[in-house]
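Work through the exercises below with the structure open. Each task is followed by a stepwise solution.

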Amino acid sequence: MSSSRASHECGFLQFVILPPILSFLLGLILGSYVLFFPGSTFLLLLAIGLGLLWREQLGQMTLNQGSSIFVCLVGGVVWWVAMVSNQATDNLIQWVNVSPVQVVGEVVDPVRRTPDRLVMIVEVSHIGQGEEIFPTTGLLRLTWREGHQVVRQGNYIEVLAQLREPYGTRNPGGFEYGEYLKRKGIHAVASVSGPGKVQVRASTNLWEFSWFLEEVDGWRNQVHQAAVDTLDDPALGLFLGMIIGEQSFITPEVREAFMATGTVHIISISGSHLGLIAFLVFFCVKGCVLRFPTVWLEWLSLRVTATRLSAMVTFPVVSFYSLLAGAEIATIRSWIMIALFLVAVWLGREKHLLSALGIAAILALVTNPQSIYDTSFQLSYSAVLAIALVIQMNRRSKKEDQELFMPSSTWGESLWERTKQAWWITLAVTLVTLPLVAYYFNQIAWLGLLSNVVVVPLVGFLMIPLGLLSVMWVLLTGSVTLPLAALNQAIADTLVHIVTWLAQIPGAVWHVASPSILMIFVFYGLLLTIVLCLHLPKFQMGCAIGVCVILFWWSWSPRFDIDANTVRVTFLDVGQGDATVLELPNGETILIDGGPAYRRLDMGKAVIGPYLWDRGIRRLDYVIATHPQWDHVGGLPWVLRSFDVGQYWSNGIVREQEFYQRLQQEIHTSGLKEHVASKGQEIASSGSCALKVLSPVREIGDRSETLKPSMSGEVLNNQSIITRLDCGHHSFLLTADAEVDALSKLNQLLDARSARVVKVPHHGAKSSLHRGWIQQLDAEVAVVSVGQHNRYGHPYPDVVEAYAQEEIPLYRTDLDGAVWITANLDSHEMTIHTALERKLQVVQLNTAVLKNEWENWGRLWRQWTGEVS
Amino acid sequence: MCEIRLSGDAIPFFCHRCWHTIQAIPAPTCPQCSLPFHSNIALQYSPQHRCSTCQTQRPAFSQAWTLYPYESPLKEAIKLFKYQGKISLADPLATLMITALGSLPDIDVIIPVPLHSTRLREREYNQSLLLAHRMSTYLDIPLNYSILRRIRETPPQTSLTKHARLQNLRRSFAVKTPQLLKGKSILLVDDVYTTGTTVNECAKVLRKAEAKHVYVVTLARMIHG
């Protein structure tokens with residue numbers, strides 16, 4: 001009786017709180033699928049309800065427990081549906097893609113700040129068009145570049161902007177930005193640039209504390225100025241990033257090094273910083289108090305225990321740091337969690353870390369249910385969950401109702417103990433976040449296992465405390481320089497040295513295929529079983545082996561569907577641009593063009609890389625840059641840097657623009673030779689497959705002529721490399737950006753001017769409409785690679801019309817997403833898939849519900865198993 | 001404890017019903033150390049009849065009140081209070097002591113059994129001090145927690161055999177300013193009375209400081225057999 005007593009006591013709160021929390025979470029997830037699976041969701045809820053009732057009948061749970069679980073579950077579903085249908089009635093959508101309108105609304109989330117821009121979520125209240133004003137509801141994501149003004153949550157703003165539908169690229173297994181925003185309830189995006197473009201009005205309601213926030217902003221500026229005046233790169237970037245949450249001064253190189261070593265959480269203020277500071281302050285205060293003379297301590301203990309006192313001191317420090325850090329969503333989330341934890345410590349219930357975590361999660365989800373699909377939400381909660389579990393298990397292994405009489409351990413021993421525990425925590429966090437990191441970032445940051453043990457204490461116990469102390473000094477004395485600058489500088493420099501050195505370890509950056517969702521579930525299931533079945537060591541062992549096998553499989557990420565009989569051609573959705581991947585039957589891979597690279601969105605990194613990794617491709621045997629235009633080669637430098645490339649082919653034209661110089665630089669550093677393509681050459685040939693160059697025509701060795709510095713777009717386009725892939729019965733004609741001139745020449749090649757699959761030249765531009773050539777095509781499929789709402793008006797309606805007249809089905813990457821064609825060499829068979837097919841369709845209740853739901857199950861299965869063929 | 005959900009109970013961690021099962025040690029008991037006797041006869045004829053332990057070796061204290069048997073659920077409560085940091089139990093436990101305590105002789109000062117400073121730093125508080133503090137407030141008798149010190153770090157009594165216990169605490173306690181205790185009546189407060197060694201050792205040093213009387217009160221008593 002007595003032995004079970006203590007465990008009951010500490011398991012008590014968890015037992016009451018956790019099941020409802022978990023069922024609410026499950027309810028939210030079910031809710032997010034209810035539109036696609038109304039019948040199935042209903043049946044599932046019914047089944048769960050009956051199951052609970054049955055358990056109640058069997059006496060395994062009380063009616064109260066059962067009903068609270070069920071109510072929370074249904075509550076989750078209803079909550080989600082209520083929030084989403086609330087958004088469905090938003091009439092902001094009707095202003096999307098019309099002419100620019102005057103928008104009035106309130107900033108509802110903490111504003112995200114980057115060096116040159118502000119990103120705010122605006123709850124629109126009115127739309128003005130011409131003289132008229134319309135009351136409107138809905139969320140708008142507004143980007144303000146070069147605004148040089150502070151906007152804060154609670155401010156009212158007014159802006160003239162063109163609203164757009166949230167749009168992202170759609171690729172198999174890829175991250176879909178548009179859907180992501182819509183899921184967060186944001187149905188319109190807009191961006192403006194320049195000072196004064198957004199009129200900011202002081203907040204009226206809600207924020208009576210705005211003066212306080214302004215004060216904090218003032219502090220931040222003061223610190224910023226002092227740091228800029230005293231520190232140098234890279235210490236400056238790290239200091240600003242870690243102490244006041246300014247990311248602008250961290251160079252991309254430093255960031256990539258941190259990313260590779262699995263320590264990227266260090267350079268932005270994340271939960272780990274707050275947690276470390278809380279830990280440090282808490283134990284420092286406690287340590288000091290416990291070193292008081294005995295009589296003092298006894299006097300104190302009559303009023304407050306050392307633990308409570310420490311909790312009391314820790315709270316304001318952590319709050320100050322959160323404020324200073326800019327109180328972004330992630331920071332607030334961690335702040336809530338730490339505050340709850342401190343309350344738990346205060347009440348002497350610190351064992352309920354899990355409950356604190358659950359409550360914090362629910363608080364975040366009730367206000368914004370969609371954040372359950374947020375990458376940072378998932379990552380930070382799973383990380384804290386892992387930490388909580390490790391601490392919990394550690395506790396459990398200690399004796400519960402006896403203090404152990406331990407001879408005071410030496411410093412070395414206790415340090416070793418601590419290191420061991422730190423490593424366990426790192427291992428657990430790495431393991432738990434691994435599937436998510438692999439899924440979202442195609443990376444396994446295994447180096448984090450080693451680097452975090454070094455980097456986290458260095459940062460948490462040296463850099464941040466030192467930084468915060470310097471900040472306090474600056475704020476209290478009004479000093480214009482940062483004290484202890486040399487020390488700050490030295491520590492930060494050491495940190496950067498360590499991290500960059502670690503990042504250079506071969507294989508540090510290890511890219512993998514996104515694990516399928518089903519496998520992720522299996523993985524977590526096994527981990528959970530290991531944690532729960534502590535009393536079944538053999539069973540646990542089995543699960544551990546299972547985990548290892550899955551880990552091995554994920555990190556290996558083999559290409560398991562090389563098939564000597566299939567050729568696969570994928571037209572990726574890279575927005576307005578081109579990128580085509582050819583996978584030949586012998587396993588050779590060819591990339592033709594690399595899409596554009598915007599400042600914040602490099603299609604190489606965002607689309608091509610993840611696609612190749614998902615296919616298990618780590619080597620590109622041939623990379624072909626059809627012509628040096630930004631929307632075709634912008635993403636190539638990243639590809640050349642990140643993949644093992646066999647040969648590089650181009651049309652040999654030299655340009656002066658920055659993107660071209662970058663490309664040349666990368667070719668040079670990769671040690672590649674630039675092959676110049678000319679008609680008649682065979683770039684790749686293997687067995688029954690051959691990739692031949694049809695255009696441009698060039699005398700061998702005649703390069704001088706092509707070195708003209710600037711060329712009109714038309715000439716450049718006509719010089720682009722047109723290739724044709726022949727594989728058994730199948731043929732693919734890839735026309736790059738060829739315009740009428742090049743197409744006329746192509747039209748003369750009687751044996752090669754058509755193919756079964758044709759990539760429409762030049763994104764379907766008007767200048768490439770060659771009716772004669774289209775009329776002679778006997779293609780079965782045409783694909784146009786084009787971006788949604790592009791400013792060129794591609795594809796030109798007449799072009800679409802011309803293909804329709806020839807009765808050639810036209811696939812468009814702006815509407816269908818990525819298009820991939822697999823062809824069997826032995827037959828005429830050819831299958832065409834699009835990313836759009838994978839998208840779940842809303843089931844209307846008045847139509848064939850069963851059939852539609854069944855189709856959705858198929859789509860879900862393909863999504864979850866990551867099936868790409 | 002009894003797995004009933006707690007809501008708004010005055011006593012933390014325990015339900016009303018369980019808490020009320022805690023009953024004081026019934027008479028008759030040894031007039032010196034409060035050891036319960038098996039039958040009423042023991043005291044019928046000679047009210048000053050002592051238990052065998054007290055007879056063989058006269059304790060250094062004048063009288064000890066060991067109020068409750070160290071049994072469930074009080075046992076669990078004390079463990080939580082002592083080892084798990086649940087100091088919110090101090091009030092209800094002190095109330096238990098106060099209710100069971102009969103009339104007391106004149107007392108000049110209340111002294112808790114001290115913890116060694118190392119142990120104090122581990123535990124952050126002295127459970128006996130917390131109880132003594134409440135009693136001092138209730139009885140309106142001054143509390144002195146600095147005069148009696150534990151000067152030797154020893155393994156916990158609970159981890160030892162009876163014989164080792166006796167040895168363990170030898171010369172563990174000391175009085176800081178003996179002159180202050182001269183001729184005083186002292187009430188020594190501890191949480192659990194097991195063999196009485198601890199309070200006895202304390203009483204010894206207090207007597208050495210020429211205290212007139214040393215009385216002992218403990219919340220619970222381990223009852224053997």
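**Exercise 1. Place a strand between its partners.**
Find the residue that stands opposite I121(A) in strand 5 of chain A, then describe how strand 5 is paired and covered.

Solution.
Step 1. I121(A) stands opposite R141(A) in strand 5 of chain A. Helices (H or I, at least four residues) and strands (E, at least two) are DSSP runs, numbered from the N terminus.
Step 2. Strand 3 (residues 117-129) of chain A and strand 5 of chain A run antiparallel, joined by 7 bridges. Two strands count as paired if DSSP finds at least two bridges between them.
Step 3. Strand 5 of chain A also pairs with strand 7 (residues 186-193) of chain A, in the parallel sense, over 7 bridges. There, T143(A) stands opposite S191(A).
Step 4. Strand 5 (residues 139-145) of chain A has 6 of its 7 residues buried, so the rest of the structure largely encloses it. Buried means under 20% relative accessible area, exposed over 50%, partly exposed in between (1.4 Å probe, protein chains only).

A note on conventions. This is a predicted model, where local features need pLDDT of at least 70, side-chain atom pairs count only at pLDDT 80 or more, and totals for chains, interfaces and linings use all residues. Residues are numbered from 1 along each chain as its sequence is written, chains are lettered from A and ligands numbered from 1 in the order in which they are written, and side-chain values use heavy atoms, with hydrogens and water left out.

**Exercise 2. Dissect the largest nonpolar core.**
Which residues have the most contacts inside the largest nonpolar core, and how do helices pack there?

Solution.
Step 1. The core has 60 residues, and L238(A), F239(A), M242(A), I243(A) and L495(A) have the most contacts inside it. A nonpolar core is a set of buried Ala, Val, Leu, Ile, Met, Phe, Trp, Tyr and Cys residues joined through side-chain atoms within 4.5 Å.
Step 2. Helix 15 (residues 448-477) of chain A gives this core its largest share, 10 residues.
Step 3. Take helix 6 (residues 235-243) of chain A. Its axis comes within 10 Å of that of helix 15 of chain A, and the two cross at roughly 85°. Axes are lines fitted to C-alpha atoms, for helices over the stretch in contact, and angles run from 0 to 180 degrees between N-to-C directions.
Step 4. Helix 6 and helix 15 of chain A are therefore roughly perpendicular. The classes are: under 35 degrees roughly parallel, over 145 roughly antiparallel, 65 to 115 roughly perpendicular, the rest oblique.
Step 5. L238(A), F239(A), M242(A) and I243(A) of helix 6 meet residues of helix 15 including M463(A), G467(A) and V471(A). Contact means heavy atoms within 4.5 Å.
Step 6. Check burial: 9 of the 9 residues of helix 6 of chain A are buried. Just after this helix, G245(A) takes a positive phi of about 70°.
Step 7. Helix 10 (residues 306-324) of chain A packs on helix 15 of chain A at about 80°, with axes 12 Å apart. Helix 10 of chain A is thus roughly perpendicular to helix 15 of chain A. F320(A), Y321(A) and L324(A) of helix 10 meet residues of helix 15, among them I464(A) and L475(A).

**Exercise 3. Lay out the sheet of chain B.**
What is the strand order of the open sheet of 4 strands in chain B, and which helices pack on that sheet?

Solution.
Step 1. The order is 1-6-5-2, with parallel pairing.
Step 2. Strand 1 (63-69) and strand 2 (109-112) of chain B are the edges; each has a single partner strand, so one side of each lacks a neighbour in the sheet.
Step 3. The twist averages 20° from one strand to the next.
Step 4. Strand 5 (residues 185-193) and strand 6 (residues 213-221) of chain B pair in the parallel sense over 8 bridges. I186(B) has V214(B) as its bridge partner in strand 6 of chain B.
Step 5. Helix 7 (residues 127-139) of chain B lies across strand 2, strand 5 and strand 6 of chain B, at about 135° to strand 5. Helix 9 (residues 197-208) of chain B touches strand 2, strand 5 and strand 6 of chain B, and its direction makes about 165° with that of strand 5.

**Exercise 4. Characterise one tryptophan.**
Where is W79(A) found, and what does W79(A) touch?

Solution.
Step 1. W79(A) is in helix 3 (residues 63-88) of chain A.
Step 2. W79(A) counts as partly exposed because its relative accessibility is 33%.
Step 3. Leaving out residues up to four places away in sequence, W79(A) touches F24(A), L28(A), L365(A), V366(A) and P369(A).
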